[in-house]
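Here is a quick walk through one protein model, from the overall layout down to a few individual residues. Keep the structure open while you read.

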Amino acid sequence: MIFWRCVELSMNSNFDDNKFNSDAKQLFLELKKFRKMMRKADYLENLNANEIMVCSIVLKNIEETGQLVQVKTISEKMGISRPAVNTILNRLEDKRIIERLRLKDDRKSVYVNLTKKAYDSYDAEREKIIKRMNNIVLKLGKEDTLLFIELLQKLYNIMEEEVK
């Protein structure tokens, strides 16, 4: 998360630092281009990635427990602050994707429920993502896809160690 924030910050500035070795600089620039492309791509037409994540958390909680999910639980699962979650929930509420509720027996906590529109939008977005990912795998081929997955896992592990 911190890494991508740094990449995003550098996207608006000339981040031509002589401290990079040439390979590290090229890797950074490619990751920067990839991030920019993902933001511009029409992968998530109706919902952004954070909105999809919130919907996934709410949906999974409802399916697994049969209960609505609290805002604090969404915050914990996403690893972001409650105000940040509320910003996402405001957008989802404006789009009529979620509704916030207070239960009679628990007036303090705010719970989140999905609307009918949410299920329809979520299914449509999920199908688009699956179709695009399957298409990418088809174009890359099995061998390159497996290599790419292995490299992404390795990069993730390295970045995770760097953050510690």
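## The model and how far to trust it

What you have here is a predicted model, so let's begin with confidence. The average pLDDT for the protein is 83, and 85% of the residues score at least 70. Where does confidence bottom out, and where does it peak? The lowest mean, 51, belongs to helix 1 (residues 2-11), while helix 5 (residues 82-94) has the highest, at 94.

## Overall layout

The protein has 7 helices and 3 strands. Reading from the N terminus, the order of elements is α-α-α-β-α-α-β-β-α-α. Of the 164 residues in the protein, 25% are buried. As for how the chain meets itself, take the contacts with a separation of 6 or more: 54% of them come from residues 24 or more positions apart.

## The sheet

The 3 strands make an open sheet in the order 1-3-2, with antiparallel pairing. Strand 1 and strand 2 sit at the edges with a single partner strand each, so each has one side without a neighbour in the sheet. As a general reminder, strands of a sheet pair through backbone hydrogen bonds, either parallel or antiparallel.

Now for the pairings themselves. Strand 1 (residues 69-70) is joined to strand 3 (residues 106-114) by 2 bridges, and the two run antiparallel. Here Gln70 faces Tyr111 in strand 3. Strand 2 (residues 98-103) pairs with strand 3 over 5 bridges, again in the antiparallel sense. To get your bearings along that pairing, look for Arg100 opposite Val112, and for Ile98, which has Leu114 as its bridge partner in strand 3. Strand 2 and strand 3 form a hairpin, with 2 residues between them.

## Leu101, a residue in strand 2

Leu101 is found in strand 2. Is this residue buried, exposed or partly exposed? With a relative accessible area of 29%, Leu101 counts as partly exposed, because the partly exposed class lies between the 20% and 50% cut-offs.

Setting aside neighbours within four places in sequence, Leu101 is in contact with Leu68, Ser109, Val110, Tyr111 and Asn113. The pair Leu101 and Leu68 is worth picking out: they are 33 residues apart in sequence, and their C-alpha atoms are 9.1 Å apart in space.

## Where helix 4 meets helix 5

How do helix 4 (residues 71-78) and helix 5 pack? Their axes are 9 Å apart and the packing angle is about 105°. The two helices are therefore roughly perpendicular to each other, since angles of 65 to 115 degrees fall in that class.

On the helix 4 side, the contact involves Val71, Lys72, Ile74, Ser75 and Met78; on the helix 5 side, it involves Arg82, Val85, Asn86, Ile88 and Leu89. Sorted by type, the residues of this contact come out as 6 nonpolar, 2 polar and 2 charged.

## Glu51, a buried residue in helix 3

Glu51 belongs to helix 3 (residues 49-65). Its relative accessible area is 0%, so Glu51 is buried. What does Glu51 touch, not counting residues up to four places away in sequence? The list is Asn46, Ile88, Arg91, Leu92 and Lys95. One of these, Ile88, also turns up among the helix 5 residues that meet helix 4.

## Arg96, in the loop after helix 5

Last stop: the loop between helix 5 and strand 2, which is where Arg96 sits. Phi of Arg96 is near 60°, a positive value in a residue other than glycine. Is Arg96 buried or exposed? The relative accessible area of Arg96 is 61%, so this residue is exposed.

How values were computed
Residues are numbered from 1 along each chain as its sequence is written. This is a predicted model: local features need pLDDT of at least 70, side-chain atom pairs count only at pLDDT 80 or more; totals for chains, interfaces and linings use all residues. Side-chain values use heavy atoms; hydrogens and water are left out. pLDDT is the predictor's confidence in each residue, from 0 to 100. Helices (H or I, at least four residues) and strands (E, at least two) are DSSP runs, numbered from the N terminus. Two strands pair if DSSP finds at least two bridges between them. Axes are lines fitted to C-alpha atoms, for helices over the stretch in contact, and angles run from 0 to 180 degrees between N-to-C directions. Angles under 35 degrees count as roughly parallel, over 145 as roughly antiparallel, 65 to 115 as roughly perpendicular and the rest as oblique. Contact means heavy atoms within 4.5 Å. Ala, Val, Leu, Ile, Met, Phe, Trp, Tyr, Cys and Pro count as nonpolar, Asp, Glu, Lys and Arg as charged, and the others, Gly among them, as polar. Buried means under 20% relative accessible area, exposed over 50%, partly exposed in between (1.4 Å probe, protein chains only).
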